[in-house]
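This briefing addresses two topics: the setting of one strand, and the backbone at two loop residues.

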Amino acid sequence: MNVQERTYDDIVLIKLDIDRATIKDAEQLKKIIYAKIEQGFKKVIIDLSKVDFIDSTFLGVLVSALKRTINQGGDLKLVGLRQNVRAMFELTRLHRVFEVYTDNNSAINSFK
């Protein structure tokens, strides 16, 4: 899984460069997010704008990461849900749990 990381002060942006977010990538993403939290980043943004499919295991990792950031006094937000991915979030009602933004700048500004 290709991942690009950028930091903006105390915010970390993790951009996934994959078409299909599945069980094979879930554990790697979990390790990346948890490592960032342990480094002190409490404001996390996951850019899913290139993801066209997401499975339940990957969704579980996002939920777990959200819980971890909240427990550390932070938050995890999502960016760029494509139609198929948005449908999965709506089907599982996770669109009510996560804050979702259309672009990175909006997500970054939401932390300020």
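Two strands are taken to pair if DSSP finds at least two bridges between them. The model is predicted. In this model, strand β4 (residues 43-47) and β6 run parallel and are joined by 5 bridges.

**Burial of strand β6**
- Strand β6 covers residues 75-79, and 5 of its 5 residues are buried, so the strand is largely enclosed by the rest of the structure.
- Asp 75, Lys 77 and Val 79 point one way from β6, while Leu 76 and Leu 78 point the other way.
- Buried residues are found on each of these two sides, since all five named residues have that status.

**Partners of strand β6**
- In the pairing with β4, Lys 43 stands opposite Asp 75 of β6.
- Strand β7 (residues 99-101) also runs parallel to β6, and 3 bridges join the two.
- Leu 78 of β6 has Val 100 of β7 opposite it.
- Together with helix α3 (residues 83-91), β6 and β7 form a β-α-β unit that is right-handed.

**Positive phi in two loops**
- Asp 9 lies in the loop between β1 (2-8) and β2 (11-17).
- Phi of Asp 9 is near 55°, a positive value in a residue other than glycine.
- Asp 9 has a relative accessibility of 72% and therefore counts as exposed, the cut-off being over 50%.
- Arg 93 belongs to the loop that lies between α3 and β7.
- Arg 93 is likewise a residue other than glycine with a positive phi, near 65°.
- With a relative accessible area of 51%, Arg 93 is exposed.

Note on methods
Residues numbered from 1 in each chain as written. Predicted model: local features only at pLDDT ≥ 70, side-chain atom pairs only at ≥ 80, totals over all residues. Heavy atoms only, no water. Buried < 20%, exposed > 50% of the residue type's maximum accessible area, 1.4 Å probe, protein only. Helix = DSSP H or I, 4+ residues; strand = E, 2+ residues; numbered from the N terminus. Right-handed = clockwise from strand over helix to strand, strands pointing away.
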